[in-house]
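I opened this model to look up its helices, its core and its charged pairs, and I kept notes as I went.

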Amino acid sequence: MDTEAFFNKNEDERIKQLTGIANLHISIARDLLTTDRPLSREEMESLLNLLITANEAKRLAQSLKEDPNVRKTA
């Protein structure tokens with residue numbers, strides 16, 4: 001396997017992992033929002049952090065897909 005093919009395979013795996021992390025965080029946030037009781041302040045802060053992390057992971061995954069320069073620095 002040549003170096004470029006190896007690099008691309010690793011980058012594709014990184015994109016899949018970032019997307020998986022984002023989807024997991026979104027799923028957990030969705031579960032938090034479907035509880036029957038109101039969320040506490042700590043739970044709301046956790047929810048916000050989950051969504052921020054999901055957004056960042058999705059953004060980075062998208063950047064890796066689109067911009068070859070980002071692929072080299074990520």
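Which helix holds both Glu56 and Arg59, and how many residues apart are they? I found both in helix H2, three residues apart, which is about one turn of the helix; helices here are DSSP runs of H or I with at least four residues, strands are runs of E with at least two, and both are numbered from the N terminus.

Before going on, I noted that this is a predicted model, in which local features need pLDDT of at least 70 and side-chain atom pairs count only at pLDDT 80 or more, while totals for chains, interfaces and linings use all residues. Residues are numbered from 1 along each chain as its sequence is written, and side-chain values use heavy atoms, with hydrogens and water left out.

Entry on the fold. I counted three helices and zero strands in the chain, and of its 74 residues 22% count as buried (under 20% relative accessible area, with exposed over 50% and partly exposed in between, using a 1.4 Å probe and protein chains only). I then took H2 by itself: its 26 residues reach 37 Å from first C-alpha to last, close to the 38 Å expected at 1.5 Å a residue, the expected span being 1.5 Å times one less than the number of residues.

Entry on the core. I looked up the largest nonpolar core (buried Ala, Val, Leu, Ile, Met, Phe, Trp, Tyr and Cys residues joined through side-chain atoms within 4.5 Å) and found seven residues, namely Ile15, Leu18, Ala22, Ala54, Ala57, Ala61 and Leu64. The elements that give two or more residues to this core are helix H1 (3-33) and helix H2 (41-66), and H2 gives the most, with four. Leaving aside residues up to four places away in sequence, I saw that Ala61 touches Ile15, Leu18 and Thr19, a contact being heavy atoms within 4.5 Å.

Entry on the charged pairs. I counted four salt bridges, each a side-chain nitrogen of Lys or Arg within 4 Å of a carboxyl oxygen of Asp or Glu. Among them, Glu56 and Arg59 meet at 3.1 Å, N to O; Glu56 is partly exposed at 39% relative accessible area, and Arg59 is partly exposed at 46%. Also in H2, Glu45 and Arg41 are four residues apart, about one helical turn, and their side chains meet at 3.1 Å, N to O. In H1, I found a salt bridge between Glu11 and Arg14 at 3.6 Å, N to O, where Glu11 counts as buried at 4% relative accessibility, whereas Arg14 is partly exposed at 30%.
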